[in-house]
Amino acid sequence: MQDQKQPLFSPAGIGPAVKHLTVSGPAHRLVGAESARLGLTRTEYADAAIRYFAERSLNPVEAQAREGQLIMAEVKRLGDRVFSYLQEQERGLLLEMVRSQLRQQAVQEQTLRVVENLLAPEGGEPLHKIQRKNQERIAEATAAGLAALNIKSLTKQPGNGK
């Protein structure tokens with residue numbers, strides 16, 4: 001593992017003295033290939049790799065298991081975000097469907113009132129007055145229907161962060 005070059009850096013408190021370390025043949029080939037790819041000496045590469053694991057208190061033998069845990073945590077976080085987005089979309093769609101249904105029901109009721117008024121023997125009110133009243137009643141009926149529902153469960157709660 002020893003190269004002829006002196007390391008470009010040395011950890012604080014440790015002189016440029018180089019110690020020898022025995023590694024397996026495959027690990028030695030990997031160190032050589034990766035250090036050459038990065039333009040480092042084998043010593044620089046090994047020093048950096050050892051410091052990486054030591055400074056993070058990581059067990060290099062369990063690195064793949066830890067990576068799997070990190071990946072699973074990220075997948076869960078992304079899944080939660082997607083689920084939250086879908087819930088928000090459903091709330092918006094459901095609220096619009098309820099509004100539409102309530103408005104349709106109110107229109108039908110007011111239409112029946114218009115027909116009853118027009119068919120009344122005394123002739124009923126003039127049509128424009130009936131239409132104005134009906135529009136007001138439709139708006140009131142729709143608002144009352146929405147108020148009667150638990151709209152809090154359909155709309156986004158302020159301050160809950162979701």
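**Exercise 1. Decide whether Arg77 is buried, partly exposed or exposed, and do likewise for its salt-bridge partner.**

Solution. Arg77 has a relative accessibility of 39%, and therefore it counts as partly exposed, since the class of partly exposed residues lies between the buried ones, under 20%, and the exposed ones, over 50%. The model that you are working with is a predicted one. The next step is to find the partner: the side chain of Arg77 meets that of Glu74 in a salt bridge, with a distance of 2.5 Å from N to O. Glu74, at 35% relative accessibility, counts as partly exposed. As a last step, place the pair in the chain: Glu74 and Arg77 both lie in helix α3, which covers residues 63-119, and they are three residues apart, about one turn of the helix.

**Exercise 2. Find which residue forms a salt bridge with Asp80, and work out how each of the two is classed by accessibility.**

Solution. Begin with the contact itself: Asp80 forms a salt bridge with Lys76, and the closest N and O atoms are 3.0 Å apart. This distance can be checked against the cut-off, because a salt bridge requires the side-chain nitrogen to be within 4 Å of the carboxyl oxygen. Then look at the spacing: Asp80 and Lys76 are four residues apart in helix α3, so about one helical turn separates them. Finally, turn to accessibility, where Asp80 has a value of 43% and so counts as partly exposed, whereas Lys76, at 55%, counts as exposed.

**Exercise 3. Describe the salt bridge of Glu96 in the same three steps of contact, spacing and accessibility.**

Solution. For the contact, Glu96 forms a salt bridge with Arg99, and their closest N and O atoms lie 2.8 Å apart. For the spacing, the two residues are three residues apart in helix α3, so that about one helical turn lies between Glu96 and Arg99. For the accessibility, Glu96 has a value of 45% and therefore counts as partly exposed, and Arg99, with a relative accessible area of 34%, is partly exposed. To complete the count, the structure holds five salt bridges.

**Exercise 4. State how many helices and strands the protein has, and then locate Ala139.**

Solution. The protein has four helices and zero strands, and when it is read along the sequence it follows the pattern α-α-α-α. Ala139 has its place in helix α4, which covers residues 127-148. With a relative accessible area of 48%, Ala139 is partly exposed, because the exposed class begins only over 50%. Now compare sequence with space: Ala139 and Leu102 are 37 residues apart in sequence, while their C-alpha atoms are 9.7 Å apart. For the whole protein of 162 residues, 14% count as buried.

**Exercise 5. Characterise the second largest pocket by its volume, its lining and the kinds of residue found there.**

Solution. The volume of the second largest pocket is about 310 Å³. There are 11 residues in its lining, and the closest to the pocket centre are Ala27, Val31, Tyr45, Ala46 and Ala49. The elements that give two or more residues to this lining are α1 (25-38) and α2 (42-55). Sorted by kind, the lining residues divide into 10 nonpolar, no polar and one charged.

**Exercise 6. Name the residues that form a nonpolar patch on the surface together with Ile50.**

Solution. The patch is formed by Leu21, Val23 and Ile50, which together have about 250 Å² of accessible area. Ile50 can then be placed in helix α2.

Definitions and conventions: Residues are numbered from 1 along each chain as its sequence is written. This is a predicted model: local features need pLDDT of at least 70, side-chain atom pairs count only at pLDDT 80 or more; totals for chains, interfaces and linings use all residues. Side-chain values use heavy atoms; hydrogens and water are left out. On a 1 Å grid over the protein atoms alone, a cavity is a set of points where a 1.4 Å probe fits but cannot get out, and a pocket is an open set with protein on both sides within 12 Å along at least five of seven lines; lining residues have an atom within 4 Å of a point. Grid points are joined across faces, edges and corners, and a volume is the space filled by probe spheres set on the points. Ala, Val, Leu, Ile, Met, Phe, Trp, Tyr, Cys and Pro count as nonpolar, Asp, Glu, Lys and Arg as charged, and the others, Gly among them, as polar. Patches are made of residues with over 30% relative accessible area and no salt bridge: like charges are joined within 9 Å, nonpolar side chains (Val, Leu, Ile, Met, Phe, Trp, Tyr) within 5 Å. Accessible areas come from the Shrake-Rupley method with a 1.4 Å probe; for residues, only the protein chains shown count as cover. Buried means under 20% relative accessible area, exposed over 50%, partly exposed in between (1.4 Å probe, protein chains only).
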